[in-house]
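Reader: I'd like a close look at one part of this thing, with how its pieces sit against each other and which charged side chains pair up. Take your time and keep it chatty.

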Amino acid sequence: MQLNNPKSIRGALAVAGCSVLGTANAVTPNTGDWDVDATFLHYAEKDRVSVYAPGFIAKKAIGEDEYLSATAILDTLTGASPTGAAPGITAGSTVQTVTSPSGSQLTYAPGELPLTDFSDTRASLSLNWDKPLSRLQRNSLTGTVSSETDYFSLGLSDTYSREFNNRQTTLALGAGVTLDWVIPQAGAPVAMQSFSEITYLQSLPSAVVTTTSPSGGGEGVDGEPKNTFDVMVGVTQVINRRTLVQLNYSHAVTSGYLQDPYKYLSIVDPNTGETLDYMFEGRPESRSTNVLYGKVVYHLPEDVVHASVRFFSDDWGITSTTLDLHYRYELPGGMYLKPNVRLYNQSAADFYRHSLVAGTDAVQDVNGSYIATIAEASSDMRLADMSSTTIGLKFGMPVGEGDNAGELSVRVAQMVQTGESSPADAIGVQRNYDMYPDLEATVFQVNYSFVF
(Lines give C-alpha, C1' and ligand atoms only; values in the text may rest on other atoms or scores of the structure.)
Protein backbone atom coordinates (compact mmCIF):
# COMPACT_ATOMS: atom_id res chain seq x y z
CA MET A 1 0.00 0.00 0.00
CA GLN A 2 1.21 3.44 -0.92
CA LEU A 3 1.79 5.53 2.20
CA ASN A 4 2.78 9.05 1.16
CA ASN A 5 -0.71 10.50 1.27
CA PRO A 6 -2.74 11.35 4.38
CA LYS A 7 -5.74 9.25 3.39
CA SER A 8 -3.66 6.18 2.58
CA ILE A 9 -1.69 6.61 5.78
CA ARG A 10 -4.93 6.63 7.75
CA GLY A 11 -6.01 3.46 6.02
CA ALA A 12 -2.77 1.74 6.93
CA LEU A 13 -2.96 2.97 10.50
CA ALA A 14 -6.52 1.70 10.83
CA VAL A 15 -5.34 -1.75 9.74
CA ALA A 16 -2.32 -1.62 12.06
CA GLY A 17 -4.33 -0.32 14.99
CA CYS A 18 -7.16 -2.80 14.58
CA SER A 19 -4.77 -5.73 14.21
CA VAL A 20 -3.20 -4.91 17.56
CA LEU A 21 -6.38 -3.84 19.29
CA GLY A 22 -8.04 -6.95 17.98
CA THR A 23 -6.01 -9.01 20.43
CA ALA A 24 -8.69 -8.12 22.95
CA ASN A 25 -10.96 -10.56 21.14
CA ALA A 26 -8.65 -13.38 22.12
CA VAL A 27 -9.48 -12.80 25.81
CA THR A 28 -12.94 -13.64 27.09
CA PRO A 29 -13.80 -11.18 29.87
CA ASN A 30 -15.90 -12.27 32.79
CA THR A 31 -19.38 -10.83 32.98
CA GLY A 32 -19.06 -7.48 34.69
CA ASP A 33 -15.39 -7.04 33.71
CA TRP A 34 -13.98 -4.92 30.90
CA ASP A 35 -11.13 -6.26 28.81
CA VAL A 36 -9.20 -3.24 27.50
CA ASP A 37 -6.48 -2.86 24.89
CA ALA A 38 -4.79 0.54 24.76
CA THR A 39 -2.33 1.41 22.00
CA PHE A 40 -0.14 4.29 20.88
CA LEU A 41 1.31 4.39 17.38
CA HIS A 42 3.86 6.77 15.91
CA TYR A 43 4.41 6.68 12.14
CA ALA A 44 7.14 8.84 10.61
CA GLU A 45 8.16 9.27 6.97
CA LYS A 46 11.56 10.67 6.16
CA ASP A 47 11.14 14.39 5.34
CA ARG A 48 7.37 14.02 4.94
CA VAL A 49 4.55 12.97 7.27
CA SER A 50 4.45 12.27 11.01
CA VAL A 51 1.47 10.64 12.71
CA TYR A 52 0.56 10.22 16.38
CA ALA A 53 -2.34 7.86 16.95
CA PRO A 54 -3.54 6.77 20.41
CA GLY A 55 -6.46 4.36 20.56
CA PHE A 56 -8.24 1.73 22.62
CA ILE A 57 -10.80 -1.04 22.49
CA ALA A 58 -12.95 -1.98 25.49
CA LYS A 59 -14.82 -5.28 25.44
CA LYS A 60 -17.41 -6.52 27.92
CA ALA A 61 -19.38 -9.74 28.23
CA ILE A 62 -23.06 -8.81 28.52
CA GLY A 63 -24.54 -12.31 28.42
CA GLU A 64 -23.87 -15.94 27.68
CA ASP A 65 -21.15 -15.78 25.02
CA GLU A 66 -22.40 -12.29 24.04
CA TYR A 67 -20.12 -9.26 23.87
CA LEU A 68 -20.22 -5.52 23.40
CA SER A 69 -17.07 -3.62 22.40
CA ALA A 70 -16.13 -0.05 21.57
CA THR A 71 -13.07 1.12 19.63
CA ALA A 72 -11.80 4.71 19.56
CA ILE A 73 -8.82 6.14 17.65
CA LEU A 74 -7.54 9.70 17.56
CA ASP A 75 -4.80 10.40 15.01
CA THR A 76 -2.96 13.63 14.31
CA LEU A 77 -1.05 14.10 11.06
CA THR A 78 1.48 16.82 10.29
CA GLY A 79 4.14 17.31 7.64
CA ALA A 80 4.18 17.47 3.85
CA SER A 81 2.46 15.42 1.14
CA PRO A 82 3.13 15.23 -2.63
CA THR A 83 0.90 17.55 -4.67
CA GLY A 84 1.00 15.37 -7.79
CA ALA A 85 3.17 17.80 -9.75
CA ALA A 86 6.18 16.15 -11.36
CA PRO A 87 9.76 17.01 -10.36
CA GLY A 88 11.15 19.51 -12.87
CA ILE A 89 11.50 23.18 -13.71
CA THR A 90 9.13 25.85 -14.98
CA ALA A 91 9.66 26.80 -18.63
CA GLY A 92 11.99 29.81 -18.87
CA SER A 93 13.20 29.41 -15.29
CA THR A 94 15.85 27.54 -13.32
CA VAL A 95 13.35 26.43 -10.63
CA GLN A 96 9.76 25.19 -10.52
CA THR A 97 7.21 27.75 -9.35
CA VAL A 98 3.62 26.72 -8.67
CA THR A 99 1.02 29.48 -8.41
CA SER A 100 -2.26 28.01 -7.20
CA PRO A 101 -5.69 29.23 -8.40
CA SER A 102 -6.05 31.06 -5.08
CA GLY A 103 -2.84 33.02 -5.74
CA SER A 104 -0.48 31.32 -3.26
CA GLN A 105 2.97 30.53 -4.63
CA LEU A 106 5.44 27.74 -3.89
CA THR A 107 8.94 27.36 -5.33
CA TYR A 108 10.87 24.09 -5.66
CA ALA A 109 14.48 23.39 -6.59
CA PRO A 110 15.12 21.66 -9.95
CA GLY A 111 14.12 18.00 -9.66
CA GLU A 112 12.63 18.43 -6.17
CA LEU A 113 9.37 16.55 -5.58
CA PRO A 114 6.68 19.22 -5.04
CA LEU A 115 5.18 18.85 -1.56
CA THR A 116 2.60 20.85 0.35
CA ASP A 117 2.37 21.27 4.12
CA PHE A 118 -0.72 20.12 5.99
CA SER A 119 -1.99 19.18 9.44
CA ASP A 120 -5.17 17.41 10.45
CA THR A 121 -6.78 15.44 13.25
CA ARG A 122 -9.26 12.62 12.91
CA ALA A 123 -11.45 11.03 15.58
CA SER A 124 -13.19 7.72 14.97
CA LEU A 125 -15.47 5.55 17.09
CA SER A 126 -16.95 2.12 16.36
CA LEU A 127 -19.34 -0.09 18.34
CA ASN A 128 -19.66 -3.84 17.90
CA TRP A 129 -22.32 -6.24 19.17
CA ASP A 130 -21.36 -9.91 18.89
CA LYS A 131 -23.94 -12.48 19.99
CA PRO A 132 -24.85 -16.14 19.45
CA LEU A 133 -28.00 -16.95 17.48
CA SER A 134 -27.82 -20.63 18.37
CA ARG A 135 -25.19 -23.16 19.42
CA LEU A 136 -23.58 -23.05 15.95
CA GLN A 137 -24.52 -19.59 14.70
CA ARG A 138 -23.28 -16.09 15.54
CA ASN A 139 -23.92 -12.55 14.35
CA SER A 140 -21.67 -9.49 14.62
CA LEU A 141 -23.03 -5.98 13.99
CA THR A 142 -20.64 -2.99 13.76
CA GLY A 143 -21.28 0.73 13.38
CA THR A 144 -18.53 3.29 12.77
CA VAL A 145 -18.31 7.08 12.62
CA SER A 146 -15.24 9.23 11.95
CA SER A 147 -14.68 12.93 11.41
CA GLU A 148 -11.86 15.23 10.39
CA THR A 149 -11.46 18.70 8.91
CA ASP A 150 -12.38 17.76 5.35
CA TYR A 151 -13.91 14.31 5.66
CA PHE A 152 -16.85 12.66 7.41
CA SER A 153 -17.74 8.99 7.34
CA LEU A 154 -20.51 6.68 8.58
CA GLY A 155 -20.37 2.89 8.27
CA LEU A 156 -22.51 -0.11 9.14
CA SER A 157 -21.62 -3.78 8.62
CA ASP A 158 -23.00 -7.15 9.63
CA THR A 159 -21.35 -10.58 9.62
CA TYR A 160 -23.12 -13.90 10.06
CA SER A 161 -21.16 -17.08 10.82
CA ARG A 162 -22.18 -20.74 10.96
CA GLU A 163 -20.16 -23.73 12.16
CA PHE A 164 -20.28 -27.14 10.45
CA ASN A 165 -18.43 -30.43 10.48
CA ASN A 166 -18.26 -30.85 14.26
CA ARG A 167 -17.26 -27.19 14.54
CA GLN A 168 -14.17 -27.75 12.38
CA THR A 169 -15.51 -25.55 9.56
CA THR A 170 -16.85 -22.01 9.87
CA LEU A 171 -18.64 -20.20 7.07
CA ALA A 172 -18.94 -16.40 7.28
CA LEU A 173 -21.11 -14.04 5.23
CA GLY A 174 -20.85 -10.28 5.57
CA ALA A 175 -22.17 -7.07 4.06
CA GLY A 176 -21.52 -3.42 4.72
CA VAL A 177 -22.21 0.12 3.60
CA THR A 178 -20.08 3.23 4.10
CA LEU A 179 -21.35 6.76 3.48
CA ASP A 180 -18.58 9.35 3.11
CA TRP A 181 -18.58 13.08 2.51
CA VAL A 182 -15.46 14.77 1.11
CA ILE A 183 -15.36 18.44 2.17
CA PRO A 184 -12.46 20.20 0.39
CA GLN A 185 -11.40 23.36 2.19
CA ALA A 186 -11.60 25.49 -0.98
CA GLY A 187 -14.43 23.59 -2.62
CA ALA A 188 -14.30 20.63 -4.95
CA PRO A 189 -12.18 21.44 -8.03
CA VAL A 190 -13.49 20.76 -11.51
CA ALA A 191 -11.99 17.55 -12.85
CA MET A 192 -9.36 18.04 -15.59
CA GLN A 193 -9.44 21.84 -15.33
CA SER A 194 -6.16 23.69 -15.78
CA PHE A 195 -4.88 26.47 -13.56
CA SER A 196 -4.65 28.72 -16.61
CA GLU A 197 -8.34 28.17 -17.38
CA ILE A 198 -9.27 29.01 -13.79
CA THR A 199 -7.18 32.19 -13.95
CA TYR A 200 -8.96 33.19 -17.15
CA LEU A 201 -12.41 32.48 -15.69
CA GLN A 202 -11.58 34.52 -12.60
CA SER A 203 -11.20 37.55 -14.87
CA LEU A 204 -14.84 37.17 -15.96
CA PRO A 205 -17.91 38.35 -13.99
CA SER A 206 -18.29 36.58 -10.65
CA ALA A 207 -21.57 34.99 -11.73
CA VAL A 208 -19.59 32.88 -14.18
CA VAL A 209 -16.69 32.16 -11.84
CA THR A 210 -18.79 30.82 -8.98
CA THR A 211 -20.25 28.06 -11.14
CA THR A 212 -17.05 26.94 -12.84
CA SER A 213 -14.05 27.82 -10.68
CA PRO A 214 -13.03 25.56 -7.76
CA SER A 215 -11.63 28.57 -5.91
CA GLY A 216 -14.86 30.48 -6.36
CA GLY A 217 -17.09 28.14 -4.36
CA GLY A 218 -20.13 26.99 -6.28
CA GLU A 219 -22.38 24.06 -5.52
CA GLY A 220 -21.28 21.01 -3.56
CA VAL A 221 -18.64 22.69 -1.39
CA ASP A 222 -20.42 21.53 1.79
CA GLY A 223 -19.63 17.91 0.98
CA GLU A 224 -19.17 15.66 -2.03
CA PRO A 225 -20.76 12.23 -1.35
CA LYS A 226 -19.00 8.91 -1.83
CA ASN A 227 -20.77 5.62 -1.11
CA THR A 228 -19.33 2.12 -0.77
CA PHE A 229 -21.20 -1.19 -0.68
CA ASP A 230 -19.31 -4.39 -0.01
CA VAL A 231 -19.96 -8.09 0.52
CA MET A 232 -17.75 -10.85 1.86
CA VAL A 233 -17.80 -14.63 2.01
CA GLY A 234 -15.23 -16.60 3.94
CA VAL A 235 -14.44 -20.06 5.23
CA THR A 236 -12.17 -21.12 8.08
CA GLN A 237 -11.11 -24.75 8.29
CA VAL A 238 -9.33 -26.65 11.06
CA ILE A 239 -7.04 -29.04 9.19
CA ASN A 240 -5.60 -30.75 12.24
CA ARG A 241 -4.60 -29.88 15.79
CA ARG A 242 -1.75 -27.73 14.47
CA THR A 243 -3.08 -26.16 11.27
CA LEU A 244 -5.81 -23.62 10.59
CA VAL A 245 -6.64 -22.30 7.11
CA GLN A 246 -8.75 -19.27 6.19
CA LEU A 247 -9.97 -18.10 2.76
CA ASN A 248 -12.01 -14.91 2.17
CA TYR A 249 -13.38 -13.22 -0.93
CA SER A 250 -14.76 -9.68 -0.85
CA HIS A 251 -16.28 -7.44 -3.50
CA ALA A 252 -16.91 -3.71 -3.16
CA VAL A 253 -18.44 -1.02 -5.34
CA THR A 254 -17.71 2.65 -4.66
CA SER A 255 -19.45 5.52 -6.43
CA GLY A 256 -19.52 9.29 -6.13
CA TYR A 257 -16.65 11.71 -5.58
CA LEU A 258 -13.47 9.63 -5.96
CA GLN A 259 -11.02 12.43 -6.74
CA ASP A 260 -8.39 13.73 -4.38
CA PRO A 261 -9.23 17.47 -4.38
CA TYR A 262 -5.64 18.42 -3.45
CA LYS A 263 -3.89 16.56 -6.30
CA TYR A 264 -2.97 18.02 -9.66
CA LEU A 265 -0.73 17.15 -12.63
CA SER A 266 2.03 19.00 -14.47
CA ILE A 267 1.50 19.93 -18.13
CA VAL A 268 4.92 19.77 -19.76
CA ASP A 269 6.50 20.88 -23.02
CA PRO A 270 6.61 17.92 -25.48
CA ASN A 271 10.23 18.65 -26.40
CA THR A 272 11.96 20.01 -23.29
CA GLY A 273 9.86 18.44 -20.54
CA GLU A 274 9.66 21.80 -18.77
CA THR A 275 6.46 22.63 -16.89
CA LEU A 276 4.00 24.92 -18.67
CA ASP A 277 0.88 24.66 -16.51
CA TYR A 278 -1.00 22.45 -14.03
CA MET A 279 -4.31 20.62 -14.17
CA PHE A 280 -6.52 19.13 -11.47
CA GLU A 281 -6.83 15.36 -11.67
CA GLY A 282 -9.92 13.51 -12.90
CA ARG A 283 -10.94 9.98 -11.93
CA PRO A 284 -13.84 7.67 -12.82
CA GLU A 285 -17.02 8.18 -10.79
CA SER A 286 -17.14 4.52 -9.75
CA ARG A 287 -14.75 1.78 -8.74
CA SER A 288 -15.30 -1.96 -8.40
CA THR A 289 -12.77 -3.98 -6.39
CA ASN A 290 -12.16 -7.67 -5.72
CA VAL A 291 -9.99 -9.11 -2.96
CA LEU A 292 -9.02 -12.73 -2.41
CA TYR A 293 -7.30 -13.38 0.92
CA GLY A 294 -5.78 -16.59 2.22
CA LYS A 295 -4.13 -17.32 5.55
CA VAL A 296 -2.47 -20.31 7.19
CA VAL A 297 -1.74 -20.57 10.92
CA TYR A 298 0.58 -23.40 11.90
CA HIS A 299 1.36 -24.29 15.50
CA LEU A 300 4.80 -25.71 16.08
CA PRO A 301 5.46 -27.46 19.39
CA GLU A 302 5.93 -24.03 21.00
CA ASP A 303 6.00 -21.33 18.33
CA VAL A 304 3.32 -20.19 15.86
CA VAL A 305 3.67 -19.24 12.17
CA HIS A 306 1.18 -16.93 10.42
CA ALA A 307 1.44 -16.69 6.62
CA SER A 308 -1.01 -14.83 4.37
CA VAL A 309 -1.41 -13.73 0.77
CA ARG A 310 -3.78 -11.10 -0.61
CA PHE A 311 -4.69 -10.58 -4.26
CA PHE A 312 -6.41 -7.35 -5.27
CA SER A 313 -7.85 -6.16 -8.57
CA ASP A 314 -10.18 -3.37 -9.68
CA ASP A 315 -11.73 -1.95 -12.83
CA TRP A 316 -9.23 0.92 -12.78
CA GLY A 317 -6.57 -1.50 -13.99
CA ILE A 318 -4.79 -1.91 -10.66
CA THR A 319 -3.68 -5.35 -9.51
CA SER A 320 -1.64 -6.01 -6.40
CA THR A 321 -0.21 -8.86 -4.36
CA THR A 322 0.63 -8.75 -0.65
CA LEU A 323 2.66 -11.42 1.14
CA ASP A 324 2.77 -11.29 4.93
CA LEU A 325 4.72 -13.57 7.26
CA HIS A 326 4.74 -13.54 11.08
CA TYR A 327 6.66 -15.91 13.34
CA ARG A 328 5.88 -15.95 17.06
CA TYR A 329 8.91 -17.19 18.96
CA GLU A 330 8.14 -18.11 22.55
CA LEU A 331 10.54 -16.98 25.28
CA PRO A 332 10.70 -18.05 28.94
CA GLY A 333 8.20 -16.53 31.35
CA GLY A 334 5.43 -16.06 28.79
CA MET A 335 7.42 -13.51 26.78
CA TYR A 336 7.70 -13.71 22.99
CA LEU A 337 9.33 -12.20 19.91
CA LYS A 338 7.36 -11.80 16.69
CA PRO A 339 9.36 -10.84 13.57
CA ASN A 340 7.34 -9.86 10.51
CA VAL A 341 8.07 -9.42 6.80
CA ARG A 342 5.57 -7.85 4.40
CA LEU A 343 6.05 -7.61 0.62
CA TYR A 344 3.74 -5.56 -1.58
CA ASN A 345 3.66 -5.06 -5.35
CA GLN A 346 1.18 -3.05 -7.43
CA SER A 347 0.53 -2.22 -11.09
CA ALA A 348 -0.50 1.28 -12.18
CA ALA A 349 -4.04 2.48 -12.85
CA ASP A 350 -5.03 2.76 -16.51
CA PHE A 351 -5.27 6.55 -16.23
CA TYR A 352 -2.07 7.11 -14.21
CA ARG A 353 0.31 9.70 -15.72
CA HIS A 354 3.44 11.15 -14.12
CA SER A 355 2.66 14.30 -16.17
CA LEU A 356 0.56 15.49 -19.13
CA VAL A 357 2.07 16.37 -22.52
CA ALA A 358 1.06 19.71 -24.05
CA GLY A 359 -0.38 19.30 -27.54
CA THR A 360 -1.32 15.68 -26.85
CA ASP A 361 -3.03 15.35 -23.46
CA ALA A 362 -3.91 19.06 -23.26
CA VAL A 363 -4.17 21.79 -25.89
CA GLN A 364 -4.45 25.56 -25.66
CA ASP A 365 -7.67 27.35 -26.63
CA VAL A 366 -8.01 30.85 -28.08
CA ASN A 367 -7.62 32.35 -24.59
CA GLY A 368 -4.33 30.55 -23.98
CA SER A 369 -5.87 28.19 -21.42
CA TYR A 370 -5.01 24.51 -21.49
CA ILE A 371 -7.96 22.19 -22.13
CA ALA A 372 -7.72 18.44 -21.54
CA THR A 373 -8.13 16.10 -24.49
CA ILE A 374 -8.47 13.08 -22.20
CA ALA A 375 -11.31 12.43 -19.76
CA GLU A 376 -9.31 11.01 -16.85
CA ALA A 377 -5.79 11.34 -15.49
CA SER A 378 -4.05 11.30 -12.13
CA SER A 379 -0.44 11.52 -10.98
CA ASP A 380 -1.33 10.34 -7.46
CA MET A 381 1.59 8.10 -6.46
CA ARG A 382 -0.83 5.71 -4.77
CA LEU A 383 -2.04 4.77 -8.27
CA ALA A 384 1.43 4.21 -9.75
CA ASP A 385 3.38 1.06 -10.46
CA MET A 386 5.29 0.51 -7.22
CA SER A 387 6.35 -1.91 -4.50
CA SER A 388 7.21 -1.83 -0.83
CA THR A 389 8.98 -3.94 1.76
CA THR A 390 8.26 -3.79 5.49
CA ILE A 391 10.35 -5.51 8.16
CA GLY A 392 9.18 -5.42 11.77
CA LEU A 393 9.75 -6.94 15.18
CA LYS A 394 7.36 -7.16 18.11
CA PHE A 395 8.19 -8.01 21.73
CA GLY A 396 5.49 -9.02 24.19
CA MET A 397 5.43 -9.93 27.86
CA PRO A 398 2.75 -10.77 30.43
CA VAL A 399 1.82 -8.21 33.04
CA GLY A 400 0.02 -9.07 36.28
CA GLU A 401 -1.33 -12.40 37.48
CA GLY A 402 -4.58 -14.28 37.76
CA ASP A 403 -7.83 -12.88 36.40
CA ASN A 404 -6.26 -9.43 36.01
CA ALA A 405 -3.32 -10.65 33.92
CA GLY A 406 -2.59 -8.57 30.83
CA GLU A 407 0.10 -8.03 28.23
CA LEU A 408 2.54 -5.29 27.29
CA SER A 409 4.00 -5.29 23.77
CA VAL A 410 6.25 -3.04 21.69
CA ARG A 411 6.58 -3.16 17.90
CA VAL A 412 9.02 -1.41 15.58
CA ALA A 413 9.01 -1.60 11.78
CA GLN A 414 10.79 -0.09 8.79
CA MET A 415 9.12 0.36 5.40
CA VAL A 416 10.76 1.24 2.06
CA GLN A 417 8.62 2.04 -0.97
CA THR A 418 9.96 2.31 -4.52
CA GLY A 419 8.51 3.18 -7.92
CA GLU A 420 9.62 3.98 -11.47
CA SER A 421 12.35 6.56 -10.93
CA SER A 422 13.16 6.79 -14.67
CA PRO A 423 10.00 6.00 -16.66
CA ALA A 424 10.46 5.26 -20.36
CA ASP A 425 8.13 8.11 -21.37
CA ALA A 426 10.04 10.81 -19.44
CA ILE A 427 10.67 13.87 -21.63
CA GLY A 428 13.69 16.20 -21.87
CA VAL A 429 14.81 17.49 -18.48
CA GLN A 430 12.63 14.89 -16.75
CA ARG A 431 15.27 12.31 -17.62
CA ASN A 432 17.66 14.12 -15.28
CA TYR A 433 15.37 13.77 -12.25
CA ASP A 434 14.06 11.04 -9.96
CA MET A 435 10.41 10.88 -11.00
CA TYR A 436 9.45 8.60 -8.08
CA PRO A 437 11.70 9.23 -5.06
CA ASP A 438 11.94 6.35 -2.58
CA LEU A 439 9.84 6.67 0.54
CA GLU A 440 11.19 5.48 3.89
CA ALA A 441 9.00 5.23 6.98
CA THR A 442 9.33 3.91 10.52
CA VAL A 443 6.59 2.65 12.83
CA PHE A 444 6.74 2.50 16.62
CA GLN A 445 3.81 1.01 18.51
CA VAL A 446 3.11 0.24 22.16
CA ASN A 447 0.14 -1.87 23.26
CA TYR A 448 -1.09 -2.64 26.77
CA SER A 449 -3.97 -4.97 27.58
CA PHE A 450 -5.60 -5.32 30.97
CA VAL A 451 -8.84 -6.31 32.71
CA PHE A 452 -10.82 -4.28 35.20
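Author: One bit of bookkeeping before the angles: an axis here is a line fitted to C-alpha atoms, for helices over the stretch in contact, and angles run from 0 to 180 degrees between N-to-C directions. Also, keep in mind that this is a predicted model.

With that in hand, start at helix 2, residues 195–202, which lies across strand 12 and strand 13. Helix 2 runs at about 80 degrees to strand 13.

Now for the sheet under discussion. It's an open one built from three strands, ordered 13-12-18, with mixed pairing. Strand 13 (275–280) and strand 18 (356–357) are the edge strands; each has a single partner strand, so one side of each has no neighbour in the sheet. Strand 12, residues 264–268, pairs with strand 13 in the antiparallel sense, over five bridges. To get your bearings on that pairing, find Ser 266: across from it, in strand 13, stands Tyr 278.

Next, the charges. Side chains of opposite charge can pair when their charged atoms come close. One such pair is Arg 382 with Asp 380, where the closest N and O atoms are 2.4 Å apart. Is either end buried or exposed? Asp 380 has a relative accessible area of 1%, so it counts as buried. Arg 382 comes in at 17%, and because buried means under 20%, Arg 382 counts as buried too. The pair isn't on its own, either: salt bridges with shared partners join Asp 260, Glu 281, Arg 283, Asp 380 and Arg 382 into one network.

For context, a search of the whole structure turns up ten salt bridges. Another of these links Arg 287 and Asp 314, at 2.7 Å from N to O. Arg 287 sits in strand 14 (residues 286–299) and Asp 314 in strand 15 (residues 304–314), so this pair ties together parts 27 residues apart in sequence. Its ends fall in two classes: Arg 287 is partly exposed at 22% relative accessibility, while Asp 314 is buried at 12%.

Then there's Asp 65 with Arg 138, also a salt bridge, 2.7 Å from N to O. This one links distant parts of the chain, 73 residues apart: Asp 65 is in the loop between strand 2 (49–63) and strand 3 (66–82), and Arg 138 is in strand 7 (residues 137–148). Asp 65 has a relative accessible area of 38%, so it goes down as partly exposed.

Key:
Residues numbered from 1 in each chain as written. Predicted model: local features only at pLDDT ≥ 70, side-chain atom pairs only at ≥ 80, totals over all residues. Heavy atoms only, no water. Salt bridge = Lys/Arg side-chain N within 4 Å of Asp/Glu carboxyl O. Helix = DSSP H or I, 4+ residues; strand = E, 2+ residues; numbered from the N terminus. Buried < 20%, exposed > 50% of the residue type's maximum accessible area, 1.4 Å probe, protein only. Pairing = 2+ DSSP bridges. Contact = heavy atoms within 4.5 Å.
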